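Hi,

Here is the structure I promised to pass on to you. Please open it alongside this email, and I will walk you through what turned up.

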Amino acid sequence: MKTRVAVRNLRLCTKDCLCLYVCPTGAADTEDSIIDVNKCIGCGVCADACPSAAISMVPLEYPPQQKKEPAVVECAMLLAKNKTKEETIAMQLKETAESDRAYRLFAAMEKAVRLVHEDIAREAGYMLPQSGNTHALLKEWVNNPPADDFPVQAAKDLLESIPDNDKKTKKYKCLVCNAEFEVAEGVEPVCPICKAKGDQLVEI
């Protein structure tokens, strides 16, 4: 059973396409450039061959998000908001630059600030899809969309498909079909395969 899959960072991909030649299952050869996780067997050959380090091997199950004090998260998010303002200023200066040299300078500043912003947000727990912070943020946006064109349904789909590793769960085994599954504490366990429940399930 595979424990990891290959993921391609499109911003780093230089289209060398070595991954297409070495992948034993053809998982890397897709029209949208997103590696097919259903075909990927987790061997890591594509990641080893990629000359631009655009492919990483990521685990199928992540550990819970590292706990941080609320004050630390608050400071990080305040800093991230300031970085957003800096990025906007750099973008405006880039668009109004009167020379190619100035354009490239402000473009580099814009990208640098964006990367710092992403690192700060990641440290605060908002770029780890399995964290409770991300789930809380998505729920807030679903209930109070930040913009008229915000993709509410996409956010709902993410909440349903990505587990919240900060939520306490219990693991059960079905005595009918032998399936093992987890449910959040306080939720009645029901086998997702055969729908068995009650005495047909044992906690493991």
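Let's begin with the hairpin: strands E3 and E4 form it, with 5 residues between them. In the turn, asparagine 178 has a positive phi of about 70°. Please keep in mind throughout that this is a predicted model.

The two arms of that hairpin are strand E3 (residues 169-174) and E4, which run antiparallel and are joined by 5 bridges. If you would like a pair to look for, lysine 171 stands opposite glutamate 182 in E4.

E3 has another partner as well. It is joined to E5 by 3 bridges, and these two strands also run antiparallel. Here the pair to look for is lysine 173, which stands opposite valine 202 in E5.

Put together, these strands make an open sheet of 3 strands in the order E4-E3-E5, with antiparallel pairing. At its edges are strand E4 (180-184) and strand E5 (201-203), each of which pairs on one side only. From one strand to the next, the twist averages 40°. As a general reminder, strands of a sheet pair through backbone hydrogen bonds, either parallel or antiparallel.

Now to the helices.

What is the angle at which the axes of H3 and H4 cross? For helix H3 (residues 70-95) and helix H4 (residues 100-123), it is roughly 165°, and the axes come within 8 Å. That angle makes H3 roughly antiparallel to H4. The crossing in which H3 passes H4 is left-handed. On the H3 side, the residues that meet H4 include Ala76, Leu79, Ala80, Lys83 and Glu87. On the H4 side, the residues that meet H3 include Tyr103, Phe106, Val113, Arg114 and Ile120. By class, the contact of H3 with H4 has 13 nonpolar, 2 polar and 6 charged residues.

A second helix pair is worth a look too. The axes of helix H5 (residues 132-143) and helix H6 (residues 152-161) cross at roughly 150° and come within 9 Å. H5 and H6 are therefore roughly antiparallel to each other. H5 passes H6 in a left-handed crossing. Where they meet, H5 brings His135, Leu138, Lys139 and Val142, while H6 brings Val152, Ala155, Lys156, Leu158 and Leu159. The residues of this contact divide into 6 nonpolar, 1 polar and 2 charged.

Finally, the whole chain.

How many helices and strands does the protein have? There are 6 helices and 5 strands, and along the sequence they follow the pattern β-α-α-β-α-α-α-α-β-β-β. Is the protein compact or spread out? Its radius of gyration is 22 Å, well over the 17 Å that the globule rule gives for 204 residues, so the protein is more spread out than a compact globule. Along its principal axes, the C-alpha trace spans about 75 × 45 × 30 Å.

Enjoy exploring it!

Best wishes

Methods
Residues are numbered from 1 along each chain as its sequence is written. This is a predicted model: local features need pLDDT of at least 70, side-chain atom pairs count only at pLDDT 80 or more; totals for chains, interfaces and linings use all residues. Side-chain values use heavy atoms; hydrogens and water are left out. Axes are lines fitted to C-alpha atoms, for helices over the stretch in contact, and angles run from 0 to 180 degrees between N-to-C directions. Helices (H or I, at least four residues) and strands (E, at least two) are DSSP runs, numbered from the N terminus. Angles under 35 degrees count as roughly parallel, over 145 as roughly antiparallel, 65 to 115 as roughly perpendicular and the rest as oblique. A crossing is left-handed if the near helix is turned anticlockwise from the far one by less than a right angle, and right-handed if clockwise. Contact means heavy atoms within 4.5 Å. Ala, Val, Leu, Ile, Met, Phe, Trp, Tyr, Cys and Pro count as nonpolar, Asp, Glu, Lys and Arg as charged, and the others, Gly among them, as polar. Two strands pair if DSSP finds at least two bridges between them. The radius of gyration is taken over C-alpha atoms; the globule rule is 2.2 Å times the number of residues to the power 0.38.
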